[in-house]
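Visitor: I'm new to this one and would like a close look at a single part. Could you pick a spot, walk me through it slowly, and then show me how it sits in the rest of the chain?

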Amino acid sequence: MAEVIKMPRMSDTMTEGVIVEWHKKVGDKIKPGDLLAEVETDKATMELESYNEGTLLHIGVEKGKSVAVDGVLAVVGKEGEDYKTALSGAEPSAEQKKEEAPAAPAQSKPEPAKQDVQKPAAKTELPEGAKVIRMPLLSDTMTEGKIVQWNKKVGDTVKADDALADVETDKATMEVVGYEEGTLLYIGVEAGSAAKVNDIIAIVGKAGTDVSGYVASEASGANTPQGESKQPHETEETESAEQIVNTEVISQQPEATEGADQHGSSANGRLKASPLAKRLAAEKGIDLKNLNGSGDGGRITRKDVDTYTPKAKEAAPASKKEEAKKPVQPFAATGQEGHTDIPLTQMRKTIAKRLSESNFTAPHFFLTTEVVMDNAMQSRASINEISPVKISFNDIIIKAAAVALKQHPAVNSSWMGDFIRQNNHVHIGSAIALPEGLIVPVIRFADQKTLSQIASEAKDLYDKARNKKIQPQDFTGNTFTISNLGMMDI
C-alpha cells in the first residue's frame, strides 16, 4: 500500500522547509536509511532519511520550493501502484460513504455500545519482577518517537545500561537505554513504527514470565500507568534541557563487553555500528575500522562519525572538492546595469518573524556600562602562552556571563508569556553571523567549564554551523544569549 512521506519538524521553531536537493527520483527503489533529500530549515540544512521501503512513485515538492511541516513530500509504494488514492485520503472515504449510503443509519449506532460492553473491565496486574519500559521524553518538544531499529530481540538478556533501540525524535536520532535488567519479554513497537511519549515499548523481567495478559489488558484500556518507570510529567520543568544532554551521554557510554573492542568489532569479527553511522561514514569516505565506538559494547554511533577527525593527508583532497563546489559569483559587464535576486532563506524568514514578535511579546529594558579591558587583555595574553587552545575575548565574555548568572540567578530567566521560568543551569548561546543569517550555538553548563574548554567547544560549534553540520541539540536550550561585535569596534 502506498505511503505518504510528509515534511517532518526538524527544529522546535520550524514551520516549513525548502527542498535544497532531491537524492532520489521517481521510479527509484528506496529502503529505510536511504537519503531522500536535503532540506533547509530555519536553522540549518539537514538530511531527510527514508523510513519506508519500496518505489518512489511521486515527488510533491520541486527542488527549491518550500512546503509546510506535515505537507506532502513524496509517496512510496509498490512499482506501478496508483499513488493518487494515498494523496487524496478523502476519496476512499467518500466512495465508501456512497456504498454505505443505502444502509440504515440506525444499524451502525449499536456497534460502539456493543464494543464498549465487551471491553474487559478488570485490569490485569503486571507479573511480579517484570518492569515496563515506556517511550521516554527525549526532547522538550517531543510528542512521539519512531523506532529506527531494535538493538535487542525478545529473549535477549539486557543490562541496565544497554541501548535497547535507536529512536528518531523531532530533533535527532538517539539511543534509548532501558535502565532495567533481565530478559526482554516483550517488544510493543515494531521497527519503523512510532509510539507516543509514555507508551509501552518493551517489558523486561525474569525469563519465562508470561506478560501477555497484562499487554492485552493495557491495550484494551483497563490498566492505568503502573509507575514502573519515571513518567515525563513527574520531572521538574527545569530539568528538561539537562535530560536531553544526559540521555545522549548515558546512552553513548562505552561498556566493557566480553568479545568487543574499542573499534566496534564483536567476537565474531563483525563491525558493530548503527545504520545511521554506517551511512554517514560511507558518505564521508570514513573507514569505520578507524573509529572508536562510544556506544554500548563498543558500538559506533553517529556521534563517533561526526566527531572523527581524519589525518591531514586524508582531509586535503576533500577540501579541494569543497573548493570546486563553490559557485562562481555573477557580475555585471562594464557599462551595463545588472542585479541578482537572492530569495529569503528559511533562516532569514524566521529571524525577521522572531525579532518582530519579541518587540511585542517580551518586556524590554536596556543597561549600559563601560568596562576597561586592559587587565583582561594582559590576562588573555598570559593564558594563551600555556593554553592548549587559543582563548578569544568572546570566550572570556561567555565565561564572565556564566559566572555572573550564577551570582544573579534572577537574570538567568525566561519570559514564558504568563510566567517567568528561572533556570537553575547556565547554557550560554553565542550568536554568530553566517552568509545565510544568524544562528546561536549553545555552550552548555558554561559556568562549570574552564576557558580552554569553552574555547574548544565554541570553535567546534562554530565550525559545524559554518559547514551546515550543526544539529538541533547544538543550538537549542540556551538560558542566556550574548552577541559580541567587539571585533568590529562596537
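Guide: Let's start at A458, which counts as buried because its relative accessibility is just 1%, and anything under 20% falls in that class. Before going further, keep in mind that this is a predicted model. A458 is part of helix α13. Setting aside residues up to four places away in sequence, A458 touches D395 and I443. There is also N394 to look at: A458 and N394 are 64 residues apart in sequence, yet their C-alpha atoms are 9.5 Å apart in space.

That brings us to the helix pair. Two packed helices are described by the angle between their axes and the distance between the axes. Here the two partners are α12, covering residues 393-407, and α13, covering residues 451-466. Their axes come within 9 Å and cross at roughly 115°. So α12 counts as roughly perpendicular to α13, a label that takes in angles from 65 to 115 degrees. As for its hand, the crossing of α12 and α13 is right-handed.

Which residues make the contact between α12 and α13? On the α12 side they are N394, D395, I396, I398 and K399. On the α13 side you'll find L451, I454, A455, Y462 and our starting point, A458. Sorted by class, the contact has seven nonpolar residues, one polar and two charged.

Now step back a little, to F445. You'll find F445 in the loop between β22 (442-443) and α13. F445 has a positive phi of about 55°, although it is not a glycine.

D70 is another residue with a backbone angle of that kind: it isn't a glycine, but its phi is positive, at about 75°. Its home is the loop between β7 (66-68) and β8 (72-77). Is D70 buried or exposed? D70 counts as exposed, because its relative accessibility is 55% and the cut-off for that class is over 50%.

One more loop is worth a visit, the one between β5 (45-49) and β6 (54-59), where S50 lies. With a relative accessible area of 1%, S50 is buried. Leaving out residues up to four places away in sequence, S50 touches I30, K31, P32, G33, D34 and L36. Y51 is found in that loop between β5 and β6 too. Not counting neighbours within four places, Y51 is in contact with P32, K146, V148, E168 and T173. P32, then, is on the contact list of S50 and on that of Y51. Y51 and S193 are 142 residues apart in sequence, with 9.1 Å between their C-alpha atoms.

And the whole chain? Its secondary structure comes to 13 helices and 23 strands. Of its 490 residues, 37% are buried, with A458 and S50 among them. Take the contacts in the chain with a separation of 6 or more: 62% of these are between residues 24 or more positions apart. The accessible surface of the chain comes to about 29,200 Å², and carbon and sulfur atoms account for 53% of that.

Key
Residues numbered from 1 in each chain as written. Predicted model: local features only at pLDDT ≥ 70, side-chain atom pairs only at ≥ 80, totals over all residues. Heavy atoms only, no water. Axes fitted to C-alpha atoms, helices over the stretch in contact; angles between N-to-C directions. Helix = DSSP H or I, 4+ residues; strand = E, 2+ residues; numbered from the N terminus. Parallel < 35°, antiparallel > 145°, perpendicular 65-115°, else oblique. Left-handed = near helix turned anticlockwise from the far one by under 90°. Contact = heavy atoms within 4.5 Å. Nonpolar A, V, L, I, M, F, W, Y, C, P; charged D, E, K, R; others polar. Buried < 20%, exposed > 50% of the residue type's maximum accessible area, 1.4 Å probe, protein only. Areas by Shrake-Rupley, 256 points an atom, 1.4 Å probe, with all protein chains shown as cover.
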